[in-house]
Amino acid sequence: MTATRAEVAVEALIADIETLVRCEPPSSDHEAAARSADVVAAPGHRLLDTEPDRVVIEGCTHLRWRFGEAPRVLLLGHHDTV
């Protein structure tokens, strides 16, 4: 039996979630947070077909994807463990 496109997409999504969950960077460890940013950037790059900007503020790595000129939607989250 061949998997449907939807089944393949769900399996890929679950694999991405598992990778993200297994990466556990404490907020105080800037190197671990930078590695976590790489983990978050990988599926983002694959799904969005563009690399994020990496913005480092006081040693903390943040990711920013921009599309077009005018800002319209802001999605905000964090990838460190607190």
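This report walks through the helices, salt bridges and a few unusual residues of a predicted model.

## Two helices side by side

Let's start with the helices. Two packed helices are described by the angle between their axes and the distance between the axes. Here the pair is H1, covering residues 5-22, and H2, covering residues 30-48. Their axes come within 9 Å and cross at roughly 160°. Angles over 145 degrees count as roughly antiparallel, so H1 and H2 are roughly antiparallel to each other. The crossing of the two is left-handed.

## A greasy spot on the surface

Now have a look at the outside. Leu13, Ile17 and Val21 make a nonpolar surface patch of about 290 Å². Take Val21, which sits in helix H1. Is Val21 buried or exposed? Val21 counts as exposed because its relative accessibility is 61%, and the cut-off for exposed is over 50%.

## Salt bridges across the chain

How many salt bridges does the structure hold? There are 5. One of them joins Asp16 and Arg46, with the closest N and O atoms 2.4 Å apart. This pair links distant parts of the chain: Asp16 belongs to helix H1 and Arg46 to helix H2, 30 residues apart. The two partners have their own surroundings. Asp16 has a relative accessible area of 15%, so it is buried, while Arg46, with 48%, is partly exposed.

Next come Asp38 and Arg54, whose side chains meet in a salt bridge at 3.1 Å, N to O. Again, distant parts of the chain are linked: Asp38 is in helix H2, Arg54 is in strand E1 (residues 53-57), and their positions lie 16 residues apart in the numbering, that is, they are 16 residues apart. Asp38 counts as partly exposed at 42% relative accessibility, and Arg54 is partly exposed too, with a relative accessible area of 39%. There's a bit extra here: Asp38, Glu51 and Arg54 are linked in a network of salt bridges.

## Tying the strands together

Which residue does Asp53 meet in a salt bridge? The partner is Arg64, at 3.5 Å from N to O. Asp53 is in strand E1 and Arg64 is in strand E2 (residues 60-64), so this pair, 11 residues apart, links distant parts of the chain. Asp53 is partly exposed, with a relative accessible area of 35%, and Arg64 counts as partly exposed at 36% relative accessibility.

## Loops worth a second look

Most residues other than glycine have a negative phi. Keep that in mind for the next two residues. Asp49, in the loop between H2 and E1, has a positive phi near 60° without being a glycine. Asp49 is exposed, with a relative accessible area of 68%. Glu58, in the loop between E1 and E2, has a positive phi of about 50°, and it isn't a glycine either. Glu58 counts as exposed at 76% relative accessibility.

Back in the loop between H2 and E1, you'll also find Pro52. Is Pro52 buried or exposed? Pro52 counts as buried because its relative accessibility is 7%, and buried means under 20%. Try finding Ala37 as well: Pro52 and Ala37 are 15 residues apart in sequence and 9.8 Å apart in space, C-alpha to C-alpha.

Notes:
Residues are numbered from 1 along each chain as its sequence is written. This is a predicted model: local features need pLDDT of at least 70, side-chain atom pairs count only at pLDDT 80 or more; totals for chains, interfaces and linings use all residues. Side-chain values use heavy atoms; hydrogens and water are left out. Patches are made of residues with over 30% relative accessible area and no salt bridge: like charges are joined within 9 Å, nonpolar side chains (Val, Leu, Ile, Met, Phe, Trp, Tyr) within 5 Å. Accessible areas come from the Shrake-Rupley method with a 1.4 Å probe; for residues, only the protein chains shown count as cover. A salt bridge is a side-chain nitrogen of Lys or Arg within 4 Å of a carboxyl oxygen of Asp or Glu. Helices (H or I, at least four residues) and strands (E, at least two) are DSSP runs, numbered from the N terminus. Buried means under 20% relative accessible area, exposed over 50%, partly exposed in between (1.4 Å probe, protein chains only). Axes are lines fitted to C-alpha atoms, for helices over the stretch in contact, and angles run from 0 to 180 degrees between N-to-C directions. Angles under 35 degrees count as roughly parallel, over 145 as roughly antiparallel, 65 to 115 as roughly perpendicular and the rest as oblique. A crossing is left-handed if the near helix is turned anticlockwise from the far one by less than a right angle, and right-handed if clockwise.
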